[in-house]
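This report looks at how the parts of one protein chain are held against each other. It covers the contact between domains, then salt bridges, then cysteines.

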Amino acid sequence: MADLRVLVVGCGNMGASHAEAYHGMAGVEICGLVARGDTRRRLNARLGGGYPEFIDFAQALAVTRPDAVCLTTWPDTHEPYALAALAAGCHLFIEKPLATTVAGAERVIAAARAAGRQVVVGYILRHHPSWRQFVELARGLGKPLVMRMNLNQQSHGAMWDVHRNLMQSLSPIVDCGVHYLDVMCQMTESEPIGVSAIGARLSDALPPEMYNYGQLQVRFADGSVGWYEAGWGPMISETAFFVKDVIGPLGAVSIVARQAAGASDNVDAHTRTESLRIHYAQLDGANRFVRPDRWIDCQDEPDHLALCLSEQRYFLQAIREGLDLGRHWQDAVNSLRVVLAADEAVRSQKTVTLGRKGS
């Protein structure tokens, strides 16, 4: 079977990681690197050189005629670039979020169905064995669940430039929040029905309408509730950047990433679990705990590159085997729907009620 020819569009942090995964992956050939700045040249040199380079996406698409596109550009380009790739008959790997609006995400999915092409959204936590175990343990805690999560990033230097560019179109609770809302939906297996949120603009270096700190609270149809917090910038505290904690009637399970403390701008720290702590709520007649907490050490965890490689193997499998991605697509739209509703709640200072499926 011929190699899958992939055009990598966007050569920054995630684009470089996915390109590196493709570079060492059997059955895949990079047919071009696309970026407006010099990131494409730096990435090409890192990969040994020899890959065609392009500044313009449309030109690259026409010249290389790829089988698939890996799209890791700024969020406000996702929808038009995705639609162009699908119209050209390409399969698509796209970093989250799928689009900057729910309607845009639905247009991309509709185009994929019409073209008969596969679209995989980069939900990297779904490929992490310890995070999958975290979800399964949370499902065993009974209902309702209380889910407490955050990812604050004390960014500076080049990372502050990246975050300011991202905030030209999306707030932190939208950009990062889709990951953690996806996790919450997996844990509850229930429909989100309402969102409240607050936010604050902590820097004059942002667009006037943008905020770089936000916190959302989401309610689910089964009575579960979730909380997610995200802030970016040089003023953000390192004290509590990594909270991943779930409570249910039967106890609690938490990710305890001891060594990740103080490393909020390190992308590897964002997925690191290191250990899981399971707490059992059962009491004896004297109200003493029947069982001590149990620790699960997560040894030999995959690093960021290994997780990207896992994502790309899944993308290749989806194409080669014609996997049914309907649930994957719906989950991507649903998690985006929640975080965009949270963004609306920040701006309107009102709770947003989410429409039921089919309503």
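## Domains and charged pairs

Across the interface of domain 1 and domain 2, 1 residue pair is found in polar contact, with both residues at pLDDT 80 or more. The model is a predicted one. On the domain 1 side of this interface, helix α5 (residues 102-115) supplies the largest share of the residues that touch domain 2, namely 3 residues. The interface also holds 2 salt bridges.

The domain assignment places residues 4-117 in domain 1, while domain 2 is made of 126-302 + 336-353. The centres of the two domains, taken over C-alpha atoms, are 28 Å apart. In the contact between them, 12 residues of domain 1 meet 13 residues of domain 2. About 1100 Å² is buried between domain 1 and domain 2, and carbon and sulfur atoms give 73% of that area. Which three residues of domain 1 supply more of the area it buries against domain 2 than any other three? They are W74, K96 and V102, which supply 48% of it.

### Salt bridges

The whole structure contains 18 salt bridges. Four of them are listed here with the distance between their closest N and O atoms.

| Acidic residue | Basic residue | N to O distance |
|---|---|---|
| D222 | K143 | 2.6 Å |
| D343 | R347 | 2.9 Å |
| D204 | R201 | 3.5 Å |
| E106 | R337 | 3.6 Å |

What does the pair of D222 and K143 tie together? D222 lies in the loop between β9 (213-220) and β10 (225-231), and K143 lies in the loop between α6 (129-139) and β7 (146-151), so their salt bridge ties together parts that are 79 residues apart in sequence. D222 has a relative accessibility of 25% and counts as partly exposed. K143 is also partly exposed, at 42%.

The pair of D343 and R347 is placed within one helix, α12 (residues 326-348). The two residues are 4 residues apart in that helix, so about one helical turn separates them. D343 is buried, with a relative accessible area of 13%, whereas R347 is partly exposed at 40%.

In the pair of R201 and D204, the arginine is partly exposed, with a relative accessible area of 35%. D204 is exposed, its relative accessible area being 73%.

Salt bridges can also join into a network. Here R126, D182, R327 and D331 are linked in this way.

### Cysteines

A disulfide is a covalent bond between the sulfur atoms of two cysteines. How many disulfides does the structure hold? The number is 0. C308 is in no disulfide, and the nearest cysteine sulfur to it, that of C70, is 8.8 Å away. Why does C185 not form a bond with C176? The sulfur of C176 is the closest cysteine sulfur to that of C185, but the two are 17 Å apart, which is too far for a bond. The cut-off that applies here is 2.5 Å between the sulfur atoms.

Are these two cysteines, C185 and C308, buried or exposed? C185 counts as buried because its relative accessibility is 18%, under the 20% limit. C308 counts as buried too, with a relative accessibility of 0%.

Terms used
Residues numbered from 1 in each chain as written. Predicted model: local features only at pLDDT ≥ 70, side-chain atom pairs only at ≥ 80, totals over all residues. Heavy atoms only, no water. Buried < 20%, exposed > 50% of the residue type's maximum accessible area, 1.4 Å probe, protein only. Salt bridge = Lys/Arg side-chain N within 4 Å of Asp/Glu carboxyl O. Domains from an automatic or database assignment. Contact = heavy atoms within 4.5 Å. Buried area = accessible area lost by both parts, 1.4 Å probe. Polar contact = N/O pair within 3.5 Å; in protein donor to acceptor, adjacent residues only side chain to side chain.
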